[in-house]
Every structure is written in structure tokens, then in C-alpha cells.
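The following paragraphs are intended to guide a reader through a structure that may be unfamiliar. Please keep the sequence and the model in view while reading.

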Amino acid sequence: MSLVRQPDEAKSVTAAEWTVDDADADFAHGYVDVDEWREAPVRHRYIDGGFTGTETRFSYYFPESDRYEGRFFQHVTPVPQSENLAPTDTSGYNKISFSVGSGAYFVETNGGGPDAANPMSGNDPSIGAYRASAAAARFSRAVAQQIYGREHRPYGYLYGGSGGAYRTIGSSESTEGVWDGFAPYVPGSPMSIPNVFSVRMHAQRVLRDAFPRIVDAYDVGGDPESLQLTDEERAALDEVTRMGFPPRSWFGWKTMGMHAFSVLYPGVMAADPTYAEDFWTADGYLGADAVSSVHRDRVRLQTSIVELITDAGTEGPQLNAGGVDESFLNANGRANVPSAVRLAEAPEGWILGAQLIVRSGTAAGAVIRLSSVDGDLGRIEPGQDEQVTALAIGDEVTVDNSSFLAAQTYHRHQVPSSEYTVWDQFRATDGSPVPPQRPFLLGPSFTQSAAGTLPTGKISGKMIVVACLLDREAFPWQADWYRSRVTEHLATRSTTDSGSGTSTTRSTARRWSAGVPRPYRGIRGCARSALRQLATWVEDGVEPVPSSSYEVVDGQVVIPEGAAARGGVQPVDSLTVNGAPSTSVRAGEPVTVELSAEAPRPGVIVEVRPDFAATGLVGESAVIAPGSTVSLHDEQVFADEGTYFLSARVTAQAEGDAASPHARVENVVRARVTVAA
């Protein structure tokens, strides 16, 4: 795209005339309606606009000319959202600050508008998947030429996590020449949805009384081999582990909840309307097993509504910063819409994921998702305004979790091709599925609705894939699955074009141990390191750091000890007490604490925050000299008997620039001290 230049670089571009973009007729006419300087989070020039005849909006954030190096970074959210998310991020990982600090302007869009986020709208799904993002990227280059007063083609890099990784990969495979590099992080596979959620929910139900023992067994100093479980519990833990759930991630079981499964399982039931009945009645399904605990946990309570509540904490706009964990909550709730109902009776049992089936009144026939049931209070999932506003006091309802329970083992009846080895546990020796199978696989259709295409590995541009070894939604083996697809594609292409293609992929497995609901804080530093390495790879031909070394063993990604052997960008640390990961002492007996940390080159350790007193809080920064290795020594005395967990958070700057606040990657290490009286 070219432009009609205005002679004054500082003049507002709201009045500029733009030539037609002939790459996509639906996005032919771009316009700018806001052009202003902003001082926060860093000084930048804010541009807002859209495309005539569409609902697509974009925001651009341009650095001052002396900080601009001819590139842009573009973030894609898991589902189409607002084009104004970046300014709302106050986490310290603000995308505008990072981009400006990297010599880039930042691009974000609403992904095509509200209808693009609604699969029932009838809109072309490719708009939300990649076309709106591509149009905004192309138009940004024309605006950049105008703002900086020179003809040039800025390099472009697209990135996103979880569902955003689907859309990043889909954009790479569906376009040519729009972006130069891609950094999908915590990606799924075409078989992720609903299966990674269903297997986890089944484990959460069966193992709910065993989690304290499981967490203790997999924590530092624990012994998984000595874990005592019932046969049903052992089967559930083995099943979810072999499917790829990292066992150490159960540390967050208390707050894990349903995540996106609350909005996914109704879609499963709609797409496969006979499944629930088969689950409860047909041989080969868990519900048909009369001795299964699923019958104990089934609730079908007929009651009525005695109160409508609008302030239960779930109503209101669900605006967020576009993160991988909250985007599925994107909804348009309003404060005057009931957010909860009080029931005449309180259901008993394990009723996570129940539905409120309305049997009388104006809303009769509606099926409303409940996020939780606490006593007689049923909290309503956001985004169901049409059904919820029709509710009235006195309506007869049924609280029913039958469909939710049925959906929890749907993965057993979705056995895909042999390339998905985590499903081998459900195959006979001849490779055929043992459980009865549904008529079709749902995973690919869910994936295609998010990405616009099914991932094939036919990428354009360069790519670095970032995965997390403790991710409990995007199981880490899926990054390796995609690496295999890209490898197959490049091998095929090299035999037909003598290896002249430039597309390459790197896969970076990483480890994270912090006690947060999902290791998103750490993954962002890793993803931003990937973006910067992409830029130097594309623009200067500098190879990224070597991919992390790993093996996939029975669904689990296994990495070696030591920074040199492991590779990647994350620091590797070790914390010992009396020379071992765990020790037992008597009260008042001194404990020798040793921390060693190493950053894979060219990274340097820039910060260590130890908690050697086992307070459970992140400690003050230790005084260190930044370098590739760091060691700390301490001695602690614990006066009271009990179990103490010592820890340290180690931060590395992946590019070796100790002064830079960006591209910092963290790791947490723990040690256990058992004190006897």
C-alpha cells in the first residue's frame, strides 16, 4: 500500500488520503480518526482507526522517531476483543512499553468486531482468524511512512498465546508477506478442545480429596512412588498425566476451577446431541458403570427461584488485557442483569459446572450456565443476558450437572490418528480405539473456528514457538506436535525447491514453578525474548539461541538438568539444604542453604529474590553482580517443628543486557526442611 504524502511529518494523519488496499477487498479503505500524543505508559503517538464498511478497528502506538528502528509487534488475543487493551495492562509487562523499548510500534485490533467473536453470527470466520489482523498490519505500514516521513517497509512480528497461538499460527499459514516472523506461545493442537479440559475436569472430580497428598508427593522432597490412592483415584491420575497434564501443576488445585470448560461443554452437547444420553445408558461409557462415583456426584434438584441478585460479583463488562487466561470471559454483561439466583433449596454434592434449566415462566426452556453453587446461591456465568433477563422470582428450575459430568470423559470417545500418542492409552494393541467412539472428532472444528484453518506446519516467515512445562491447559507436548508438522513441511519443501525456502521454526520448552494460577507472568518474558530474537534473526541474520533440549515420554516433556544441556532462555537454578533438595533436622539445629543459578548464554542473571526463611513471600533482592552464574550461601535456624519450604526467584535477561527491563525470564526453585521437636 502506498499513500498520498503530507509534507509536514508532524501534521495529523486524520486528514491523510490513503490509496486502496487491493490485497483484501473487504478491507480496501482504511481511515484514521484519532491522532494524538500520549505520555503513559511511555511517550508515544496514538493512532486509532478502522476500515470503511466493516466493524474492524485498530490502534497503533508509535514511538518518537529517535526510538524507532523500523519494525512493529502485533499481539493477537485468544478471541477477538477490544483494540484498546494495551493501555489497560498495568502488570509491568505493558506491550506499549516493551514495543517502544524494542524500537517498534505496537499494533492491536478488535479482530473484526463483536460478530467476529460470535461463531453463530454467520460472519466469515477468516475475518476474526487472520484477515482483520492482516489488514491492520498492512495499513500500519502506510501510516508509519506518513508519520516518519520516509518510504520504508517496517518489519512485522505477530504473537499470541493459547487461542492467540492458534490465530498466530493460522495467520502464518494463511498469508504471505504480511508479517516477517511469528511467536506463538503456549499453543494447542487440533485435538486440544475440549479434550485437555475434559480430562482435567474428570481428574479434579475424582481426585478432589487426594490433592493435598498429590501436591506434597510431587513437590520438592516428595515421593510420588509412595503416594497412596484408591484404584479410581490412581486411574484418574494416570489418565490425566498420560494425556499430558504436568503433575506438579496440581499445586493450584484449590483455585483451578473450570477455566474455559464452562463455555466449551455446552458446545460439545450442542454438536453431539445424543452423547449425554449415551453416556448415562450405553455400554462403554462411564455413566453406564453402576459402581462409578459419577453417580454419587450427579445432581438433579427441582426447586424454584426465591431471589434475583445483581451484585454477586460476576456481572459487568469483562474487559481485560487480552491474556490467555481471561479472554474466554470476554462478555458484555450489564450491572442490571441478574448475576446470581437464590434457590428455595440448596443442592447437595459436587455441583461444579451445573446448569439451571428453567421449567416455567417467560424464560421456560432456557438452559443457563452456573459458574458455581454455594449453598442456595447459584452464580451465573457472564454473557447470557438474553436468557437471564427473562428470569423471575417464582420460576421453577432444575439444578442439573448431568451434562457437565458426561462431558468430562468426552476425550475417551475422541481417539484421533496415531500421531497423537497421548491417546495410546485408549487404543488396543492393533491401534483401534477401545471405548466407543462418537461419529466425528470435535477438536478440529473448534480449532478451525479459532484459527480459520487447521495447522499444517506450512508456515510463512520465521517462527519461534514458546511452551510452558507446567501449563495445565496447553499441555506442553502440543508444541512438539506442531514442531513435527513444520519439520515434515520443510522436509517436503526442501525436496521440491532445493531448500530455497526461508521458513524455520524453533521450539522453546521451559520450566516454571511459581505459585500462581497459571505461569503467565513468566511466559510473557520468554515470549518477548522470542520476539526480540525473531527481529534480529529476520533483520540481521543472527540465529536465535538453541531450542531447549527435551524428550516427550508418555505425554510428559522431560528436560535435562543444567543450563548448557537444556538450552533455551530460562535460568536454571538449584537450591539445597544441607547439600540436598530436602533435609530433616531438629528444632534449633542450623541448616546450610546454597543457591546456584545459571543463565543459558548469552543471558545473564540480573536479580535473585530469596526467601530462605520460608516466609512464603517473595524476598528482597539480594546483592549480586550480574553474570551468567550466581551463587548465594546462607544459614537458617527453625525454632518450631513443622515443614518449611525455602525458595528463590531468579531472573535472567535473555539478551545479556543487564540494564534492560525487557525480555526478562524468571524461574523459581524450592527446598524442603522438615523440623522435628
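In this predicted model, helix 3 and helix 11 (residues 443-451) pack at an angle of about 70°, and their axes lie 8 Å apart. The two helices are therefore roughly perpendicular to each other. On the side of helix 3, the contact is made by Y166, R167 and G170, which meet T447, A450 and A451 in helix 11. Sorted by class, the residues of this contact are three nonpolar, two polar and one charged.

Helix 3 (residues 163-174) also meets helix 2 (residues 125-148); the axes of these two helices come within 9 Å and cross at roughly 75°. This crossing makes helix 2 roughly perpendicular to helix 3. Here G128, A129 and Y130 in helix 2 are in contact with R167, S171 and S174 in helix 3. The residues of this contact comprise two nonpolar, three polar and one charged. R167 takes part in the contact with helix 2 and also in the contact with helix 11.

The description now turns to the strands. Strands of a sheet pair through backbone hydrogen bonds, in either a parallel or an antiparallel manner. Strand 4 (residues 44-51) and strand 5 run antiparallel and are joined by six bridges. Within this pairing, G49 has F58 in strand 5 as its bridge partner. The two strands form a hairpin with five residues between them, and G53 in the turn has a positive phi of about 80°. Strand 5 also pairs with strand 7 (residues 104-109), again in the antiparallel sense, over four bridges. In that pairing, Y60 stands opposite V107 in strand 7. How is strand 5 (residues 57-62) placed with respect to the rest of the structure? Five of its six residues are buried, so strand 5 is largely enclosed by the rest of the structure. F58 and Y60 belong to one aromatic cluster, whose members also include W18, F51, Y105 and F139.

Further along the chain, three strands form an open sheet in the order 20-22-24, with antiparallel pairing. Strand 20 (572-577) and strand 24 (629-637) stand at the edges with a single partner strand each, so one side of each is left without a neighbour in the sheet. From one strand to the next, the twist averages 10°. Strand 22 (residues 590-598) pairs with strand 24 in the antiparallel sense over nine bridges, and E598 stands opposite T629 in strand 24.

T651 lies in strand 25 (residues 642-653). Is T651 buried or exposed? Its relative accessible area is 4%, under the 20% limit, so T651 counts as buried. Leaving aside residues up to four places away in sequence, T651 touches V604, I605, V606, E607, R664, V665 and E666.

Aromatic rings provide a final theme. A pair of such rings is described by the distance of the centres and the angle of the planes. The structure holds 33 aromatic pairs. One of them joins Y420 and W423 edge-to-face, with 6.1 Å from centre to centre and 90° between the planes. Y420 is buried, with a relative accessible area of 6%, and W423 is buried as well, at 1%. Y420 also forms an edge-to-face pair with W477, at 6.4 Å centre to centre and 80° between the planes. This second pair links distant parts of the chain, 57 residues apart: Y420 is in the loop between helix 10 (402-407) and helix 11, whereas W477 is in helix 12 (residues 477-497). W477, like Y420, is buried.

Terms used
Residues are numbered from 1 along each chain as its sequence is written. This is a predicted model: local features need pLDDT of at least 70, side-chain atom pairs count only at pLDDT 80 or more; totals for chains, interfaces and linings use all residues. Side-chain values use heavy atoms; hydrogens and water are left out. Axes are lines fitted to C-alpha atoms, for helices over the stretch in contact, and angles run from 0 to 180 degrees between N-to-C directions. Angles under 35 degrees count as roughly parallel, over 145 as roughly antiparallel, 65 to 115 as roughly perpendicular and the rest as oblique. Contact means heavy atoms within 4.5 Å. Ala, Val, Leu, Ile, Met, Phe, Trp, Tyr, Cys and Pro count as nonpolar, Asp, Glu, Lys and Arg as charged, and the others, Gly among them, as polar. Buried means under 20% relative accessible area, exposed over 50%, partly exposed in between (1.4 Å probe, protein chains only). Two strands pair if DSSP finds at least two bridges between them. Rings of Phe, Tyr and Trp (its six-membered ring) pair if their centres lie within 6.5 Å; planes under 30 degrees apart count as stacked, over 60 as edge-to-face and the rest as tilted.
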